[in-house]
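Biologist: Could you walk me through this model, and tell me how each label was earned?

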Amino acid sequence: MTAKQLRERLELQLLSEPDPDRDVTGGYAGDLLSWVMGRAQSGDAWVTIMTNRNIVAVAALADPACVIVAEDSVVEPDVIALACEKGINLYRSSRTSFDLCCSIGSLLGV
Amino acid sequence: MSEPVRFHFDVAGDNFASAGEASVKVKKLLRQLSMDPETIRRVSIAMYEGEINMVIHANGGTADVILYPDRIQIVLSDTGPGIKDVSLAMQEGYSTAKDNVRSLGFGAGMGLPNMKRYTDRMQIESEVGKGTTVTMEVFLPEAAR
Ligand SMILES: Nc1ncnc2c1ncn2[C@@H]1O[C@H](COP(=O)(O)OP(=O)(O)O)[C@@H](O)[C@H]1O
Ligand SMILES: [Mg+2]
């Protein structure tokens, strides 16, 4: 499933989508950036409530397929612009991390 | 023998927002050099953790990345407070980070353990009151040499 397909299926709000065809191969939930950095796999959909600029650096390095901000956590425009510039798909949802992960899991069949 | 390729970065100590920029740049540079993705991932993640540490704990420093034919070396150097007990600092979950840092998602105490995990060699030289130098090396896969 591509990042764009995942966004459509989960009805996520589109913040930045420079790489719509990126393949989503798994998922990871976490807000402690070092933890995410060390454990998330390339290709994961990363679900978090963190929205500061550092999530873009973490995403640029850990290489998830997309970042999904849960619970409508506020994302500043400069973070969205930075995500776009760095090639990071960034989405948002009113649902909780747990809820989103359940849906991602069943969509991916894990 | 030609001189190894070197990249040098100054890491500002007061700016959380831009923390990690040097690592993201290195990732891009290594990509342009067509290094294998796993090596790039390991180098850039280890460097990011070190870079963040210099921002959080040491008021900034310098980062040097040196490309040898068989390995990539990352040297992070600061003149911060130093680390009193390195083996304690190396433990997963150990952190002296303040609450304002934690609220940004840092301070999980996973930085140094991640750096160790993602590299083949890591050495910490630190003196309290003088500063810290962390040297890490990632060996290139045989095929890339
Ligand atoms: N460059 C540094 N200068 C001074 N202290 C450091 C430095 N790097 C790490 N430390 C110390 O080691 C501890 C553990 O580091 P780390 O594993 O990266 O966890 P964290 O950064 O999340 O606290 C830090 O909390 C800090 O006390
Ligand atoms: Mg750290």
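Here is our conversation about the ligand, its surroundings and the chain around it.

Modeller: Happy to help, and please keep in mind that this is a predicted model.

Biologist: What makes B:His57 a polar contact of ligand 1?

Modeller: A polar contact needs a pair of N or O atoms within 3.5 Å. A polar side-chain atom of B:His57 lies 2.8 Å from an oxygen atom of the ligand, so the pair qualifies under that cut-off.

Biologist: Which atoms are paired in the contacts of B:Asp78 and B:Leu112 with ligand 1?

Modeller: For B:Asp78, an N or O atom of the side chain is 2.9 Å from a nitrogen atom of ligand 1. For B:Leu112, a polar backbone atom is 2.9 Å from an oxygen atom of the ligand. Once again the cut-off is 3.5 Å, so both pairs count. As for burial, ligand 1 taken alone exposes 530 Å², and the protein buries 94% of that.

Biologist: Where does ligand 1 sit, and how do you know that?

Modeller: Ligand 1 sits in the largest pocket. That wording requires more than half of its atoms to lie within 2 Å of the pocket's grid points, so ligand 1 must meet this test. Two elements of chain B, α2 (37-57) and α5 (111-118), give two or more residues to the shell around it. The largest share, three residues, comes from α5(B).

Biologist: How many residues make up that shell, and what kinds are they?

Modeller: There are 18 residues around ligand 1, and the closest are B:His57, B:Ser95, B:Thr96, B:Gly109 and B:Leu112. By kind, the shell divides into eight nonpolar, nine polar and one charged. Gly counts as polar in this scheme.

Biologist: Why is chain B said to agree with a compact globule?

Modeller: Because a compact globule of 145 residues would have a radius of gyration near 15 Å, and chain B has 15 Å, the two agree. Its C-alpha atoms fill a box of roughly 45 × 30 × 25 Å along the principal axes. The chain has five helices and five strands, in the order β-α-α-β-β-α-α-α-β-β from the N terminus on.

Biologist: What makes the pairing of B:Arg71 with B:Asp70 count as a polar contact?

Modeller: B:Arg71 lies in strand β3 (residues 71-78) of chain B, and its side chain contacts the side chain of B:Asp70 at 3.2 Å. Residues adjacent in sequence count only if both atoms are side-chain atoms, so this side-chain pair is allowed. B:Arg71 also has a side-chain contact of 2.7 Å with B:Glu137.

Key:
Residues numbered from 1 in each chain as written. Chains lettered and ligands numbered in written order. Predicted model: local features only at pLDDT ≥ 70, side-chain atom pairs only at ≥ 80, totals over all residues. Heavy atoms only, no water. Near = heavy atom within 4 Å. Polar contact = N/O pair within 3.5 Å; in protein donor to acceptor, adjacent residues only side chain to side chain. Areas by Shrake-Rupley, 256 points an atom, 1.4 Å probe, with all protein chains shown as cover. 1 Å grid on protein atoms, 1.4 Å probe; cavity = no way out; pocket = protein on both sides within 12 Å on 5 of 7 lines; lining within 4 Å. Helix = DSSP H or I, 4+ residues; strand = E, 2+ residues; numbered from the N terminus. Rg over C-alpha atoms; globule rule 2.2 N^0.38 Å.
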